[in-house]
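The exchange below asks how certain descriptive terms are justified for one structure. Each reply sets a computed value against the criterion that applies.

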Amino acid sequence: MRVFRAIAAAVAVLSVTAAGAGAQSFAGGDISTARAGFGLSLALGENELLVGEPNNSSRPGEIHIFRPGPSGWERAGGLTAPDAEPSDGFGQKLFLSGNTLFVGVPSAEGNRGTVHVFERAGDGWSHSGELTGDDLEGVNRFGTAIAATGEFAFVSAPVQNQAAGAVYVFRRSAAGWTQAGKLTTDSAAVQPLFGNALAAADGTLFVSAPGVNENRGQVTIFSQDAATGEWTSAGMLPTPEVDANSRFGWAMTHADGTLIVSAPAANDETGAAYAFRQSDGAWTQQAQLSPPSPAPNTVFGIQLASDG
């Protein structure tokens, strides 16, 4: 499991240790040795690509905005944190929901973590606030995963309470975002990493815990009570027959009724991803996705994206 452990460790400490500077090129031909970590996070909107560059040792983290131009994608500006400073890790995680952009900085304040919120008006973005849990203390990595559906946003802190993990629920009102709840796991596993990945849609929230059951992993389903707006557990997603240390639930994505969950350390880190759909109220596995050329240490599924 050497390769996956190295990647998992890198994901956990990527923002703590500044990456070495190296040349990075992007649309428009500009090249800079200062763009450390360029492309670590991405968010694609309508006619707009947002590219995070959080690991800069000489200047603040930045989100680069690219839009289609006469000769291809062109840089159209950038975003930084209101309190920007060198090596601040801004842009480690991006989640775009309509005209709202959530920027997770899990390494902020000694790995306590925070999430910045930006709103789009026309062609511009403006900072509208910051999300934080009401009981965050010490190392939490708050902002590791972000999801949103309707008026709700969800932010994970997977290493809270000795890596038991938690997910904070926020609700938007005319006054802004306020915390509306907190979801935790009752798993007895050591370091379940509850909240390592999130996916949400249509009153349903999926929360992974890839450290459960000897790192086989599992995904908990939460549903929203239409009357109270509260989110409660609605059971577990069926876990495929995977070996120990497969890390099912390391990444997830949902689109148009299909949930895809990866297990990048399965089969000697060859990796696999599984597609689920709901039928008659139950989620069932519909397909298994594998790399075209299976081989150990491929870690297929370390990241996922979907559209339609």
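The questions and answers that follow concern a predicted model.

Q: What makes up the secondary structure of the chain, and how much of the chain is buried?
A: The chain holds 22 strands and 5 helices. Of its 308 residues, 47% are buried. The accessible surface comes to about 14,100 Å², and carbon and sulfur atoms account for 47% of that area. Among contacts between residues at least 6 apart in sequence, 45% join residues at least 24 apart.

Q: Why is Glu62 called buried?
A: The relative accessible area of Glu62 is 12%. The term applies under 20%, so Glu62 is classed as buried. This residue is found in strand 5, which covers residues 62–69.

Q: How do you know that the side chain of Glu62 makes a polar contact with the side chain of Arg75?
A: The distance for this pair of side chains is 2.6 Å. The criterion asks for N or O atoms within 3.5 Å, one able to donate a hydrogen and the other to accept it; the pair Glu62 and Arg75 is therefore listed as a polar contact. Leaving aside neighbours within four places in sequence, Glu62 is also in contact with other residues, including Val51, Leu79 and Phe90.

Q: Why is strand 12 described as largely enclosed by the rest of the structure?
A: Strand 12 spans residues 152–156, and 5 of its 5 residues are buried, so the description follows. Phe152, Phe154 and Ser156 point one way, whereas Ala153 and Val155 point the other way, and all are buried. In a regular strand the side chains alternate between the two faces of the sheet.

Q: How do you know that strand 12 pairs with strand 11 and with strand 13?
A: Pairing requires at least two bridges. Strand 11 (residues 146–149) and strand 12 have 4 bridges, and strand 12 and strand 13 (residues 166–173) have 5; both pairs therefore meet the criterion. The sense is antiparallel for strands 11 and 12 and likewise for strands 12 and 13. Thr149 has Phe152 as its bridge partner, while Ser156 has Val167. Strands 11 and 12 form a hairpin with 2 residues between them, and Gly150 in the turn has a positive phi of about 60 degrees.

Q: What makes strands 7 and 10 the edges of their sheet?
A: The sheet is open, with 4 antiparallel strands in the order 7-8-9-10. Strand 7 (93–97) and strand 10 (124–131) each have a single partner strand, so one side of each is left without a neighbour in the sheet. Neighbouring strands of this sheet are turned by 25 degrees against each other on average, direction ignored. Within the sheet, 6 bridges join strand 8 (residues 100–105) to strand 9 (residues 114–121), and Leu101 stands opposite Phe118 in strand 9.

Q: Which residues have the most contacts inside the largest nonpolar core?
A: That core has 17 residues, and those with the most contacts inside it are Phe206, Leu237, Phe248, Met252, Leu259, Val261 and Phe276. Strand 17 (218–224), strand 20 (258–263) and strand 21 (272–279) are the elements that give two or more residues to this core. A second, separate core of 16 residues includes Phe154, Ala200, Ala209 and Val212.

Conventions. Residues numbered from 1 in each chain as written. Predicted model: local features only at pLDDT ≥ 70, side-chain atom pairs only at ≥ 80, totals over all residues. Heavy atoms only, no water. Buried < 20%, exposed > 50% of the residue type's maximum accessible area, 1.4 Å probe, protein only. Contact = heavy atoms within 4.5 Å. Areas by Shrake-Rupley, 256 points an atom, 1.4 Å probe, with all protein chains shown as cover. Axes fitted to C-alpha atoms, helices over the stretch in contact; angles between N-to-C directions. Core = buried A, V, L, I, M, F, W, Y, C linked by side-chain atoms within 4.5 Å.
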